[in-house]
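Good morning, everyone, and thank you for making time for this. I would like to walk slowly through one model with you, so please have the sequence and the structure open while I talk.

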There are 2 protein chains.
Amino acid sequence: MIRRLTIFGVGLIGGSLALALRRAGTCEEVVGCSRSEDHLRQAVELGVIDRYSLDPAEAVAGADMVVLAVPLGAMGGVCAAIRDHLAPDAALTDVGSAKGSVVDAVREGFGELPHGFVPGHPIAGTERSGVAAAFPTLFQGRRVILTPLDTTDIGALAKVRTMWEETGAVVESMSVAHHDEILAATSHLPHLLAFGLVDSLARMGERDEIFRYAAGGFRDFTRIASSDPVMWRDICLSNREAILSVMAHYQEDLTMITEAVSRGDGERLLEIFQRAKAARDRFCE
Amino acid sequence: MIRRLTIFGVGLIGGSLALALRRAGTCEEVVGCSRSEDHLRQAVELGVIDRYSLDPAEAVAGADMVVLAVPLGAMGGVCAAIRDHLAPDAALTDVGSAKGSVVDAVREGFGELPHGFVPGHPIAGTERSGVAAAFPTLFQGRRVILTPLDTTDIGALAKVRTMWEETGAVVESMSVAHHDEILAATSHLPHLLAFGLVDSLARMGERDEIFRYAAGGFRDFTRIASSDPVMWRDICLSNREAILSVMAHYQEDLTMITEAVSRGDGERLLEIFQRAKAARDRFCE
Ligand SMILES: NC(=O)c1ccc[n+]([C@@H]2O[C@H](COP(=O)([O-])OP(=O)(O)OC[C@H]3O[C@@H](n4cnc5c(N)ncnc54)[C@H](OP(=O)(O)O)[C@@H]3O)[C@@H](O)[C@H]2O)c1
Ligand SMILES: NC(=O)c1ccc[n+]([C@@H]2O[C@H](COP(=O)([O-])OP(=O)(O)OC[C@H]3O[C@@H](n4cnc5c(N)ncnc54)[C@H](OP(=O)(O)O)[C@@H]3O)[C@@H](O)[C@H]2O)c1
């Protein structure tokens, strides 16, 4: 049971976590904190949080569980602001889409890594954002990856794990570096490709016409290009190394495919397409 | 009203066209032809066609409308086989995903372009194939592009247009070259990117793990990589020039994005992502 949960950033992810825990009845009080009083008032009206404060120090007072659900670029600032006010036995976790950069930001914000800190990342989301987009079943059946550190207290780890399980999520752990590599491949790279394709087409001469003839496949393929640009900028800056590595790999493969198209090598193309279809059918359906 | 419609290739597209026209009640008889008697028998059992023949000459006899709905690579062979049997006043159309190569195949198969020939392409489909995947509403509200030629008889054009309108589709025309450029951008390129990404990841060391953490965005993004490999090989070989041109454009843009990630240029990334999101939100929802 969580007595007081303080959530920094009551948007899609933070708001959905609050709704899920309230629905599960495993949280006595939820306090929200962010920059905009309008957003926080809206969160109260929507029944997402019980109360709010615009002052991080005040928001965090007496909390036994603190969740950082702000954009990656804002993690460090929140940590610096709560550094002298977080209860020593509080569990602290985050939901950031890249983990190495959050660990750095927390270390810097606090001066050292708090023992209660458990880095985390729910593999769930939509292309919408803000508290109005939050819903309690977002994490149902989805994976949450925790990347506990050498410094992490096992009590805090257990508490964070239980919290996520209560939202209906399946919790797993791995190292920070491994998380960042896997997510670069399955999430960060696809987003870059989709943003890149839509931008590329949008800058072509006849863009109205081009999009007009886009069929269902194109809509599905580019859905992730409707994601929040600020969040994705932050992710690119936060997980640079892993993204560049998987991108280099991909660009080589794309060049190989382009060369096969160029020399009319149907056998090679068929081989690639068959392998891809088999992999996708096997893993995704 | 179509008296006798002969469809070569009673698969997803050919089968759905037959179902739509039968449902609309604007077609007296539907004859199917392809390579496999099993597939054709299944098409009769599913109520997609009235009867079939394995012999193209026999299948086309007495037809006033003939639709080529075989893979791109098979168009030429069918044309050569029906060349001496197609009624002189019959309308002939196709559904191929690239148009320049079909025009070439028809010219070659017939020795010259028949006046009744109207190249066409319904912008509709799913990642499934075969007659069992066919359904009568596939073209409802979707666009069908016709690319009439200098040689095209206006009576045949009107007849093909009416046929597609009766399926619930919106019919438009443009030149062959323009069609092939637009489709390279909105359909062929995205398919290559998706096949390429899934193949790239599938060949990485820890592929089981990688796909395991793929979230909803990844599923949507890679859905088109579950498409039929043979069909996509054919499309790549058939629309080579246009695909290579749009691919070159895209690879340059991707390199620009990669460089922005590499030098940590958040402003540039934000600009690209915002432009892409605006374009997609405007055109796709
Ligand atoms: N969306 C996804 O698919 C997804 C999936 C997994 C993880 N994540 C991670 O979840 C986190 C939040 O993403 P989200 O999608 O929930 O975004 P969101 O809906 O935009 O919510 C972000 C929240 O943070 C607040 N905020 C923004 N800047 C702040 C600052 N400088 N100080 C304090 N609060 C600030 C915003 O409220 P105010 O405007 O009132 O400040 C807003 O409520 C990110 O770290 C992201 O990487 C997202
Ligand atoms: N799927 C899409 O999304 C989509 C969208 C628009 C246009 N198209 C175009 O539509 C055409 C058909 O695609 P589809 O998706 O309907 O494929 P499909 O479901 O696989 O159907 C193709 C049909 O062609 C027959 N066929 C294959 N090779 C043949 C040959 N050499 N001679 C005679 N018949 C042959 C097959 O039957 P047998 O096995 O019995 O020979 C099958 O019934 C292609 O030209 C494609 O470019 C597809």
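Let me begin with a question: by class, how many nonpolar, polar and charged residues does the shell around ligand 2 have? Before I answer, please keep in mind that what we are looking at is a predicted model. The answer is that the shell around ligand 2 has 13 nonpolar residues, twelve polar ones and one charged one.

Let us stay with ligand 2 for a moment. It is surrounded by 26 residues, and the closest of them are B:Ser34, B:Arg35, B:Val70, B:Ser97 and B:Gly130. If you look at individual polar contacts, you will find an N or O atom in the side chain of B:Ser34 at 2.6 Å from an oxygen atom of the ligand, while a polar backbone atom of B:Gly130 is 2.7 Å from an oxygen atom of ligand 2. A backbone N or O atom of B:Val10 also takes part, at 3.3 Å from an oxygen atom of ligand 2. On its own, ligand 2 has 880 Å² of accessible area, and the protein covers 86% of that. The elements of chain B that give two or more residues to this shell are helix H1, which runs over 12-24, and strand E7, which runs over 120-122.

Now please turn to ligand 1, which has 26 residues around it, with A:Ser34, A:Arg35, A:Val70, A:Ser97 and A:Gly130 coming nearest. Here a polar side-chain atom of A:Ser34 lies 2.6 Å from an oxygen atom of the ligand, and a polar side-chain atom of A:His39 lies 2.9 Å from an oxygen atom of ligand 1. There is also a polar backbone atom of A:Gly11 at 3.4 Å from an oxygen atom of ligand 1. Taken alone, ligand 1 exposes 880 Å², of which the protein buries 85%. In chain A, helix H1 (12-24) and strand E7 (120-122) are the elements that give two or more residues to the shell around ligand 1.

From the ligands, let us step back to chain A as a whole, which is divided into domain 1, covering 2-174, and domain 2, covering 178-284. The centres of these two domains, taken over C-alpha atoms, are separated by 31 Å. Where they meet, 15 residues of domain 1 are in contact with 14 residues of domain 2 in chain A, and the area buried between the two domains is about 1100 Å², with carbon and sulfur atoms giving 67% of it. Within domain 1 of chain A, the residues that lose the most area to domain 2 are A:Ser97, A:Glu127 and A:Met174, which together make up 44% of what that side buries. You may recognise A:Ser97, since this residue is also among those that come nearest to ligand 1.

Finally, how many residues of chain A are in contact with chain B? There are 87 from chain A, in contact with 87 residues of chain B. Between them the two chains bury about 8300 Å², with 66% of it on carbon and sulfur atoms. In chain A, the residues that lose the most area to chain B are A:Tyr213, A:Phe221 and A:Arg280, and together they account for 9% of what that side buries.

Definitions and conventions. Residues are numbered from 1 along each chain as its sequence is written. Chains are lettered from A and ligands numbered from 1 in the order in which they are written. This is a predicted model: local features need pLDDT of at least 70, side-chain atom pairs count only at pLDDT 80 or more; totals for chains, interfaces and linings use all residues. Side-chain values use heavy atoms; hydrogens and water are left out. A residue is near a molecule or strand if one of its heavy atoms lies within 4 Å of it. A polar contact is a pair of N or O atoms within 3.5 Å; within protein, one must be able to donate a hydrogen and the other to accept it, and residues adjacent in sequence count only if both atoms are side-chain atoms. Accessible areas come from the Shrake-Rupley method with a 1.4 Å probe; for residues, only the protein chains shown count as cover. Helices (H or I, at least four residues) and strands (E, at least two) are DSSP runs, numbered from the N terminus. Ala, Val, Leu, Ile, Met, Phe, Trp, Tyr, Cys and Pro count as nonpolar, Asp, Glu, Lys and Arg as charged, and the others, Gly among them, as polar. Domain bounds come from an automatic or database domain assignment. Contact means heavy atoms within 4.5 Å. Buried area is the accessible area (1.4 Å probe) that two parts lose on being put together, summed over both.
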